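Colleague: I am new to reading models like this one. Could you walk me through how the descriptions are reached?

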Amino acid sequence: MLSRVAERVYWLARYVERAENTARMVMSFHLVALDMPKSVPLTWKNLVAVTGKEDIFEEHYQREDERNCVKFLLADHYNPSSVSSSLKSARENVRTTRDLVPSEAWEIVNELYLFARDNLDSGLGKRGRYQFLTEVVQRCQTLTGLLAGCMSHDPAYDFIRLGRNLERADMTSRQIDAGALRLLKRPEGDAAGPYEGLLWTGILRSQSGFQMYRQHVKRRINGVDVVRFLLQDIPFPRAVAHSLDYVRGAIERLPRNEVPLRLALQARRHVLKAEVDQLIDDDRLHDFIDALQQEIAGLHGAIVDTWFALDRAA
Amino acid sequence: MSIDWKSYDPSPFYDELIAAPGKPRPVARKLMEYLSSLDDRELQVRKQAADHAILEMGISFTVYSEGENIDRAWPFDIVPRVIPKREWEGVQAGLVQRLTALNLFIDDVYNDQRIFRDKVLPKYVLNKSRNFREQCRGIRPPHGVWAHICGSDLVRDRDGTLYVLEDNLRVPSGVSYMLENREVTKRVFPEVFENSSILPVDEYPTQLFDMLAAISPRPQDYPEIAVLTPGIFNSAYFEHSFLAQRMGAELVEGADLVVGDDDCVYMRTIEGLERVDVIYRRIDDDFMDPEEFNPDSLLGVPGLMRAWRNGKVGLANAPGSGVADDKVIYAYVPAMIRYYLDQEPVIPNVPTYLCVNEKDQAYVLDHLDELVVKPANESGGYGMLVGPQASKKQRTEFAQLIKKDPRNYIAQPTLNLSVAPTLCDESLEPRHLDLRPFVLQGVRTDVTAGGLTRVAMRKGSLVVNSSQGGGSKDTWIVDEED
């Protein structure tokens with residue numbers, strides 16, 4: 001398989017997953033915000049912080065209000081991670097690999113891109129937001145289902161799985177971090193206390209994890225258990241450990257995989273053996289997630305070096 | 001109401017299917033009877049089935065418009081064009097003869113240049129040839145073949161004579177549409193295939209693969225073959241990807257390839273660097289290797305010429321083949337056939353005036369309203385003047401162009417291109433067409449059974465290029481003796 005083609009399907013999967021996760025995040029925050037009493041200030045800027053693009057945001061906006069943050073996350077073309085930008089990049093990547101993926105994949109991505117472009121306004125306003133975001137998430141899932149069900153599970157598919165799961169691990173860990181920042185390091189006198197459960201529920205919901213948490217954890221919603229669930233629950237497909245498990249599985253089937261495989265196994269081990277309650281008690285969760293994200297970035301670098309970047313002459 | 005062939009009148013042109021109103025040519029009799037059995041509604045149903053098949057099979061070509069590349073569905077007419085097998089055998093022999101002579105010529109141009117010394121061709125044509133490559137001097141590719149894939153355009157005049165209009169020796173395209181047209185027609189008119197003996201066309205990808213494998217520098221069972229495309233924005237990208245898939249070859253872009261210090265060509269793959277034996281390149285010479293040709297090209301592969309020159313990779317067509325793809329040199333092909341093969345040409349050339357000759361130029365300038373003037377090195381129907389249809393202003397402009405650069409212009413009489421019944425809106429009407437057969441030359445030479453028939457969909461138009469509103473038809477070579 002050509003390196004160029006492998007890189008394109010890998011990024012196709014990453015961008016689609018990024019669009020889906022960003023849409024999920026905005027939706028859950030939107031719903032939480034509607035539940036919160038006026039006296040509890042919600043900072044939309046936290047969502048921008050989750051995506052790690054605060055610097056770009058600050059270059060373009062003075063006010064950190066809902067309107068600007070949502071616009072930044074959904075629409076802005078100068079935010080390379082906005083839903084719009086992600087879908088545009090996904091479309092370019094599938095466009096140039098149309099021979100490889102089922103032809104419906106191109107149609108789904110192209111129509112999704114056009115849908116998002118033509119309906120952005122309803123996503124920005126409060127009234128149409130829920131519907132817009134639901135539609136984006138559903139169409140992303142349609143693509144995932146199509147590829148899983150109709151594409152040969154060949155190396156190209158392994159690169160798609162690799163991209164999707166690495167992106168998912170990254171996004172979920174960012175959300176845990178944001179939740180922790182907001183809730184676990186609460187300054188004295190913060191009024192959010194009684195609403196903590198509501199916020200954690202929101203985070204679970206953004207990952208479609210509320211019901212699964214209920215079924216499998218069987219305890220009332222609390223920070224430690226939610227972090228543990230989203231970080232370490234192997235059966236839950238949006239948990240970091242699960243995603244890294246799939247990353248490992250995809251890497252195992254690819255050639256010349258020593259370095260990426262070692263890094264993937266290492267990241268997975270670190271996630272599974274983390275003692276979440278200790279990390280929270282010692283106020284070290286943020287540092288832990290920081291280190292985890294560096295591991296994920298390092299793994300991406302190893303994937304690029306191993307399979308995509310072959311600039312060294314023979 | 002079914003088709004009334006008596007009201008279909010192709011005169012004054014030669015019709016491929018009809019000898020006279022109401023009277024089909026013998027080779028088209030079964031097809032015409034069948035078409036007559038369909039009523040208008042049924043004919044429309046078949047047309048819709050064809051349109052649907054084209055969409056479903058994803059047969060498209062790319063046009064650049066409004067700042068974006070758009071994939072258009074391939075324009076296709078359901079009424080096939082039919083040629084008797086006996087006539088076609090003569091055409092095939094003529095095409096083999098022609099490409100053999102052309103390859104002997106190219107090899108001669110880059111080596112001994114006997115043909116100039118013997119004064120069969122004036123040397124000046126070379127000095128001003130835009131596609132002559134000094135870098136190819138002294139090279140002898142395997143089997144002495146430079147142009148492995150040739151698409152020659154054939155046209156039929158009013159009296160029924162077939163002429164070669166031009167030879168495309170650089171990167172001729174269209175063969176994928178020939179194959180797809182047949183697939184579509186089999187879906188639309190399966191009944192006719194049952195009752196007549198129509199030669200199949202689908203061997204082409206296998207023949208292409210075998211020809212490419214035969215120029216591999218490493219004789220082995222599984223040569224690594226790649227189709228080199230300029231990329232998705234190229235108008236023929238569909239074909240590049242189609243041929244790669246049908247041959248089981250890798251579809252690569254310039255950036256996928258690298259030439260090593262050992263002069264071998266490698267693909268960048270997830271397994272590491274993999275050696276490539278043969279490249280079917282669909283990129284013009286100019287863009288192929290920035291080290292030797294256009295240094296700004298991002299499409300090519302630095303060092304590709306070096307690899308080829310040192311025999312480490314097979315290239316089809318060989319760089320420099322385009323030297324014979326020049327309309328001035330075209331005029332000398334009959335002379336070439338006599339010179340190299342000591343044979344009379346089987347298929348005649350269209351009479352051609354070379355503006356570089358004073359006498360010819362004077363004639364051309366005097367008869368611009370009757371002639372078609374073409375630049376020597378363009379393809380795709382660009383930059384030409386169709387005298388009888390041009391305005392006075394256009395003719396004056398062309399007269400100046402000719403005087404400024406006579407070597408770059410040739411002129412030919414306006415042929416009365418043959419027509420065939422074509423489904424236009426509701427009824428069948430005569431439309432002009434040509435034919436592009438494809439010839440493969442390696443150790444052996446293969447000619448497609450038929451080729452790509454291109455049809456000018458606009459009434460009275462002679463321009464068949466798909467980039468300029470042309471359509472296409474399936475081409476049947478029918479064995480009447482069966």
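Modeller: Happily! Let us start with a term: a crossing is called left-handed if the near helix is turned anticlockwise from the far one by less than a right angle, and right-handed if clockwise. Please keep in mind that this is a predicted model.

Colleague: Which kind of crossing does α5(A) make as it passes α6(A)?

Modeller: A left-handed one. The two helices are α5, residues 83-95 of chain A, and α6, residues 103-124 of chain A; their axes lie 9 Å apart and the packing angle is about 155°.

Colleague: What makes α5(A) roughly antiparallel to α6(A)?

Modeller: Set the value against the cut-off: an angle over 145 degrees counts as roughly antiparallel. The angle here is about 155°, so α5(A) and α6(A) are roughly antiparallel.

Colleague: Which residues of the two helices meet?

Modeller: On the α5(A) side they include A:Leu87, A:Ala90 and A:Val94, and on the α6(A) side A:Trp106, A:Val109 and A:Tyr113 are among them. By kind, the residues of this contact are 11 nonpolar, 2 polar and 3 charged.

Colleague: And why are α1(A) and α9(A) called roughly antiparallel?

Modeller: The reasoning runs along similar lines. Helix α9 (residues 196-206) of chain A packs with α1(A) at about 150°, with axes 8 Å apart. The cut-off is over 145 degrees, and therefore α1(A) and α9(A) earn the description roughly antiparallel. Their crossing, though, is right-handed. Among the residues making the contact are A:Met25, A:Phe29 and A:Val32 of α1(A), with A:Leu198 and A:Ile203 of α9(A). The tally for this contact is 8 nonpolar, 3 polar and 3 charged.

Colleague: What makes a group of residues a nonpolar core?

Modeller: Its members must be buried nonpolar residues joined through C-beta atoms within 7 Å. The largest such core has 225 residues, and A:Val9, A:Val26, A:Leu231 and B:Val265 have the most contacts inside it. Helix α1 (residues 3-35) of chain A contributes the most, with 15 residues.

Colleague: Which residues does A:Leu231 touch?

Modeller: Leaving aside residues up to four places away in sequence, its partners include A:Ile176, A:Val240, A:Val271 and A:Val276.

Colleague: How many residues of chain B are in contact with chain A?

Modeller: There are 23 from chain B, and they contact 17 residues of chain A. On the chain B side, β11(B) gives the most, with 4 residues. That side divides into 10 nonpolar, 6 polar and 7 charged residues.

Key. Residues numbered from 1 in each chain as written. Chains lettered and ligands numbered in written order. Predicted model: local features only at pLDDT ≥ 70, side-chain atom pairs only at ≥ 80, totals over all residues. Axes fitted to C-alpha atoms, helices over the stretch in contact; angles between N-to-C directions. Parallel < 35°, antiparallel > 145°, perpendicular 65-115°, else oblique. Contact = placed C-beta atoms within 7 Å. Nonpolar A, V, L, I, M, F, W, Y, C, P; charged D, E, K, R; others polar. Buried ≥ 20, exposed ≤ 12 C-beta atoms within 10 Å, placed from the backbone.
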